[in-house]
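Me: I am new to this structure. Please pick one part of it, look at it closely, and then set out what can be said about the rest.

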Amino acid sequence: MPRGTFIGLDTADLNELKTEFTACLKAIAVAGQSYTIAGRSFTKANLKEVGDTLGEINHALKLKSGTRSRVAYDNFNPPFRK
């Protein structure tokens, strides 16, 4: 899934998707069951995909609310020269 897939959706839709994918994650990871969202079935084999999708949804929600944070790292090592 490309990064930023859910950016631009309204908050209500994002929250609905978050609820669905959270329930999906619980069903797969905890109960070992399959779960269907919009006609698509997810199983344990899709666990990473479901987790990644939930991360993308949360990212889009954070952008909407303005609570996204960025981390910057400094490099104090001198450049390598011959």
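Reply: A38 sits in the loop that runs between β1 (35-37) and β2 (40-42). Helices and strands here are DSSP runs, H or I over at least four residues for a helix and E over at least two for a strand, numbered from the N terminus. This is a predicted model, in which local features need pLDDT of at least 70 and side-chain atom pairs count only at pLDDT 80 or more, while totals for chains, interfaces and linings use all residues. Residues are numbered from 1 along each chain as its sequence is written, and side-chain values use heavy atoms, with hydrogens and water left out.

The backbone of A38 has a positive phi of about 50 degrees, although A38 is not a glycine. Most residues other than glycine have a negative phi. A38 counts as exposed because its relative accessibility is 84%; exposed means over 50% relative accessible area, buried under 20%, and partly exposed in between, with a 1.4 Å probe and protein chains only.

After this loop comes strand β2 (40-42), and R40 forms a salt bridge with E49, where the closest N and O atoms are 2.9 Å apart. A salt bridge is a side-chain nitrogen of Lys or Arg within 4 Å of a carboxyl oxygen of Asp or Glu. R40 is partly exposed, with a relative accessible area of 40%, and E49 is partly exposed too, at 29%.

R40 is also touched by N46, which in addition touches S41, not counting residues up to four places away in sequence. Contact means heavy atoms within 4.5 Å. N46 is in the loop between β2 and α2, and N46 counts as buried because its relative accessibility is 16%.

Next comes helix α2 (residues 47-65). K48 and D52 both lie in α2, four residues apart, which is about one turn of the helix. They form a salt bridge with closest N and O atoms 2.8 Å apart; the structure holds two salt bridges. K48 counts as exposed at 61% relative accessibility, whereas D52 counts as partly exposed at 41%.

K64 also belongs to α2. K64 is partly exposed, with a relative accessible area of 45%. Leaving out residues up to four places away in sequence, K64 touches L9, D10, T11 and L14. From K64 to D10 there are 54 residues in sequence but 8.4 Å in space, C-alpha to C-alpha.

D10 leads to another feature: D10, D13, E16 and E20 gather in a patch of negative charge on the surface. Such a patch is made of residues with over 30% relative accessible area and no salt bridge, like charges being joined within 9 Å. E16 lies in helix α1 (residues 11-29) and counts as exposed at 54% relative accessibility.

For the whole chain, two helices and two strands follow the pattern α-β-β-α along the sequence. Of its 82 residues, 21% count as buried. Among contacts between residues at least 6 apart in sequence, 53% join residues at least 24 apart.

Notes. Patches are made of residues with over 30% relative accessible area and no salt bridge: like charges are joined within 9 Å, nonpolar side chains (Val, Leu, Ile, Met, Phe, Trp, Tyr) within 5 Å. Accessible areas come from the Shrake-Rupley method with a 1.4 Å probe; for residues, only the protein chains shown count as cover. Lys and Arg count as positive and Asp and Glu as negative; His and the chain ends are not counted. The place of a charge is taken as NZ of Lys, CZ of Arg, CG of Asp or CD of Glu.
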